[in-house]
Amino acid sequence: MFANGLTYLAIPGPSVMPDRVLRAMHRPAPNIYTGELHDVTRSLFPDLKAVAGTKHDVAIYIANGHGVWEAALSNVIAEGDTVLVLATGRFCVGWGEMADSLGAQVETIDFGDSDAVDLAQVEAALKADTGGKIKAILTVLVDTSTGVLNDIKGLRGVLDKVGHDALLMCDCIASLGCDEFQMDEWGVDITVAASQKGLMTPPGIGFVWFNDKADRVRGDMKRVSRYWDWRPRASGEEYWQFFDGTAPTHHLYGLREALDMIKEEGLSNIWARHEGLAKAIWAAIDAWSLDGPLAINVADVAQRSRAVTSLRLDEGQGDALRAWCEDAMGVTLGIGLGRTPASAFFRLGHMGHVNGHMVLGFLGTIDAGLKALGIAHGKGALEAASAVLADLAGAQPRIARADNSIDKCCG
Ligand SMILES: *Cc1c(COP(=O)(O)O)cnc(C)c1O
């Protein structure tokens, strides 16, 4: 009934694409042999490193998140190697399944669907591994199915404390450029991410960052599949570096524009924007939760992502609310991926190109949906969210200026 107009995708990826990115991609097929496309591609490497907080190497693949899962594993995990999966939702489990399909021995510690990794349990598991069998730890910065944020720096602390040599591999696909992440400072050996979430570019290209230790492990591998090998992509001749085949031409232009937007705003400003918007969303949820079935999945604020939020209603109500928001208002909410019963859950993506009016728009839509469907809920959610934004922005909001932290990192 009220859906005609600009529709809105409030799901945790793909995220909202900025008009600037779309315009940058709207061009005829470029020359792939030489010239501008090569300059654009070359310019992406330092900025991608800066976004991940690393001075080490990055390889670009034509792949989605699942592709870079396999790419990262293929460089360091051979058949029979053991990996330890720290499961805080569907996504890290999925990375473990990918490792299993490549012949790895997969050990999993399951922290449930609403809690972050418990460092004490990881410490115990590493201590018990006296033979040093565990070659890599697979973890996620944010699990997109649950909205759980993990303490990656803390994990490095545990590895160092125990003196365990395992590679620390981190999936940042959900929230690179949304939740703070510092690959080098936090001691991560391998990071994976893809274009379509915080990086605001259509799905289709993905990235693997790896440090010297990870590359030494790569060097000891008997064989690495030709397509996934990160070495020629990170430092080979142009042909290999630029895609081992046809380049993803338009994605490169789109990503160039998205990285320019990130540089203009500055990473620390971007993290602060996501934090403020998340606080407004949490305030609305706190109000709704005062009455009726609605609850946020992750109770502990310190364990919540600033990019994706998972919510629970009664069975069937999550699906009903999603359908109402889309059909009546033109807003698409995320499905209850990997949860039981899936029909009770829904998720909100608030990653990348998202600002205050977008957040107030989807919160207002959900509020209307709860009313229309007769789902009991506490009142005052929008009042609470707008109060948070008003307070954080202040009476004379200043335009966030880039502090050039993206440049500082890798010069
Ligand atoms: C989205 C996502 C993936 C999967 O990415 P695809 O591009 O859908 O393959 C993996 N891990 C996390 C944490 C994600 O958010």
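## Around the ligand

Sort the shell around the ligand by class and you get five nonpolar, five polar and two charged residues. Keep in mind that this is a predicted model. The residues in question are N64, G65, H66, W69, F91, V142, T144, D171, I173, A174, Q196 and K197. Which helix gives the most to this shell? That's helix α3 (residues 65–76), with three residues.

Now zoom in on some oxygen atoms of the ligand. A polar side-chain atom of H66 sits 2.5 Å from a ligand oxygen, and for K197 a polar side-chain atom is 2.6 Å from a ligand oxygen. G65 takes part through its backbone instead: one of its polar backbone atoms is 2.7 Å from an oxygen of the ligand. On its own, the ligand has 380 Å² of accessible area, and the protein covers 89% of that.

## Strand β5 and its neighbours

Is strand β5 (residues 134–140) largely enclosed or largely open? Six of its seven residues are buried, so the rest of the structure largely encloses this strand.

Look at who pairs with β5. Strand β3 (residues 82–87) runs parallel to β5, with four bridges between them. One pair to find in the structure is V83 with its bridge partner A136 in β5. Strand β8 (residues 167–171) is also parallel to β5, and here five bridges do the joining. To spot this pairing, look for I137, whose bridge partner in β8 is L168. As a bit of background, strands of a sheet pair through backbone hydrogen bonds, either parallel or antiparallel.

## A closer look at T82

T82 belongs to strand β3. Is T82 buried or exposed? Its relative accessibility is 5%, and buried means under 20%, so T82 counts as buried.

What does T82 touch? Leaving out residues up to four places away in sequence, the contacts of T82 are Q105, E107, K133, I134, K135 and A136. You've already met A136 as the bridge partner of V83.

## An open sheet of five strands

Elsewhere, five strands make an open sheet with mixed pairing, in the order β1-β13-β14-β12-β11. Which strands stand at the edges? They are β1 (8–10) and β11 (295–296); each has a single partner strand, so one side of each has no neighbour in the sheet.

At the β11 edge, the partner is strand β12 (residues 308–312), joined to β11 by two bridges and running antiparallel to it. If you want to find this pairing, start at I296 and look for L311, its bridge partner in β12.

Conventions: Residues numbered from 1 in each chain as written. Predicted model: local features only at pLDDT ≥ 70, side-chain atom pairs only at ≥ 80, totals over all residues. Heavy atoms only, no water. Buried < 20%, exposed > 50% of the residue type's maximum accessible area, 1.4 Å probe, protein only. Pairing = 2+ DSSP bridges. Near = heavy atom within 4 Å. Polar contact = N/O pair within 3.5 Å; in protein donor to acceptor, adjacent residues only side chain to side chain. Areas by Shrake-Rupley, 256 points an atom, 1.4 Å probe, with all protein chains shown as cover. Nonpolar A, V, L, I, M, F, W, Y, C, P; charged D, E, K, R; others polar. Contact = heavy atoms within 4.5 Å.
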